[in-house]
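Me: I have a structure to go through with you. Let's take it in short questions and answers.

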Amino acid sequence: MSEVSVSTNISGIELKSCLYNASGPLCTTVEHLNDLGLSHSAAILSKSSTLKEHKGNPSPRYFENELGSINSMGLPNKGYLYYDSLASSLLKYEKPYFVSVSGFSLEENLCIIKKLNENKEVTAIELNLSCPNVPGKPQTGYDFQQVKLVLEEVFKINKKTLGVKLPPYFDLIHFYSMADILNEYPLSFVTCINSIGNGLVIDVETESVVIKPKNGFGGIGGDYIKPTALANVRKFRELLKKEISVIGCGGIKTGMDAFEHILCGADAVQIGTQFMREGINCFERIESELKELMQSKGYKTLNEFKGNIKLIH
Ligand code: DHB
């Protein structure tokens, strides 16, 4: 198997494998980030950060079943200065360090991005345009004019490798409109998708919702969302200029799931719900399953099948 490689790069950032963590689970504290450093995760991606430390929504705020997860964490995080200051101590792991940014306003985002730009030890920024869990705040990614305004202002100040995390889209016109906007900016990558926002999971025995915030509404992850994730990866790969890498996220728990994302055009993939469930061992397991699948198909590199999904004529 040693001749099979799952290395990749995201707009010039080299990754030893195509698998790393999604922002959200187990990436909030220094302990979490060190665990990711020691693991087979190809990069370390932080929890979405805000200007100030934030406790998030009341518990219970995360629930999983065999099909996936629902969460309404509400952005619990240590504040961006914490993730900024940890960068130097994470260098020893010799893997890229991405900081996720999800300020409560455009001004917050600009302030955070400005500061992170001064830190050479932060490899890249993932600007989150899709948090569904702040009561009273819409997901930026569904307000197309706002996305344009945000990117216009961000790229006045940003010189760093920067990508955006998008919510899922469900209508072709939305893919076209969003891709037209994204293609106007020097984005390095687009991550598809965040959780499907404002789902509802119910416990029949207790006849109750399973999380407390927003009367039980929260972002859905896991198996539930893989087909939506694949469609978003596939469509954005088709529509975005080639300089923008596409990172797949949604429903990856096996090597086969990762293979499907790459077949749809993903340059790398992130693991969320399954990482929360299984812990850091998921990266090594999924990597070896992916390599085994590639081996059985005669592929030695990701480029031999990336984006090559076949259609029925
Ligand atoms: C949270 C959830 C998200 O889906 C996200 O993108 C950012 C933050 C949260 O609830 O903490």
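Reply: Buried means under 20% relative accessible area. Keep in mind that this is a predicted model.

Me: With that cut-off, is Phe 305 buried or exposed?
Reply: The relative accessible area of Phe 305 is 0%. The limit for burial is under 20%. Therefore Phe 305 counts as buried.

Me: Which kind of pair do the rings of Phe 259 and Phe 305 form?
Reply: Their ring centres are 4.3 Å apart. Planes under 30 degrees apart count as stacked. Here the planes are at 15 degrees, so the pair is stacked.

Me: How many residues apart are Phe 259 and Phe 305?
Reply: Phe 259 sits in helix 8, residues 255-263. Its relative accessibility is 6%, so Phe 259 is buried. Phe 305 lies in the segment after helix 10 (281-297). The pair links distant parts of the chain, 46 residues apart.

Me: How many aromatic pairs does a search of the whole structure find?
Reply: The search covers the whole structure, beyond the pair of Phe 259 and Phe 305. The number of aromatic pairs is 13.

Me: What is the angle between the planes of Tyr 142 and Tyr 169?
Reply: These two rings are 5.8 Å apart, centre to centre. Their pair is edge-to-face, a class that takes planes over 60 degrees apart. The angle is 90 degrees.

Me: Where in the chain is Tyr 169?
Reply: Its partner Tyr 142 is in the loop between strand 8 (124-128) and helix 5. The two are 27 residues apart, and the pair links distant parts of the chain. Tyr 169 is in the loop between strand 9 (161-166) and helix 6 (172-182).

Me: Is Tyr 142 buried, partly exposed or exposed?
Reply: Tyr 169 has 2% relative accessibility, so Tyr 169 is buried. Tyr 142 has 37%. Partly exposed covers values between 20% and 50%. Therefore Tyr 142 counts as partly exposed.

Me: Which residues do ring pairs link into a cluster?
Reply: Tyr 142 and Tyr 169 both belong to the cluster. Ring pairs bring in three Phe residues as well. The full cluster is Tyr 142, Phe 144, Tyr 169, Phe 175 and Phe 236.

Me: Which residues have the most contacts inside the largest nonpolar core?
Reply: This core has 75 residues. Its largest share, six residues, comes from helix 5 (residues 144-157). The residues with the most contacts inside the core are Tyr 97, Leu 182 and Phe 236.

Me: Which residues does Leu 182 touch?
Reply: Residues up to four places away in sequence are not counted. Among the contacts are Leu 151, Val 164 and Leu 166. The others are Leu 187, Val 190, Phe 236, Leu 240 and Ile 244.

Me: Which residues come nearest to the ligand?
Reply: There are 13 residues around the ligand. Nearest come Lys 47, Gly 74, Leu 75, Asn 128 and Asn 194.

Me: How far from an oxygen atom of the ligand is a polar side-chain atom of Asn 194?
Reply: For the side chain of Lys 47, an N or O atom is 2.8 Å from a ligand oxygen. For Asn 133, a polar side-chain atom also lies 2.8 Å from one. For Asn 194 the distance is 2.6 Å.

Me: What joins the side chains of Asn 128 and Asn 194?
Reply: Asn 128 is in strand 8. At 11% relative accessibility, Asn 128 counts as buried. Its contacts include Ser 48, Lys 165 and Asn 194. The side chains of Asn 128 and Asn 194 are joined by a polar contact of 3.5 Å.

Terms used. Residues numbered from 1 in each chain as written. Predicted model: local features only at pLDDT ≥ 70, side-chain atom pairs only at ≥ 80, totals over all residues. Heavy atoms only, no water. Core = buried A, V, L, I, M, F, W, Y, C linked by side-chain atoms within 4.5 Å. Buried < 20%, exposed > 50% of the residue type's maximum accessible area, 1.4 Å probe, protein only. Helix = DSSP H or I, 4+ residues; strand = E, 2+ residues; numbered from the N terminus. Contact = heavy atoms within 4.5 Å. Near = heavy atom within 4 Å. Polar contact = N/O pair within 3.5 Å; in protein donor to acceptor, adjacent residues only side chain to side chain. Phe/Tyr/Trp six-rings, centres within 6.5 Å; stacked < 30°, edge-to-face > 60°.
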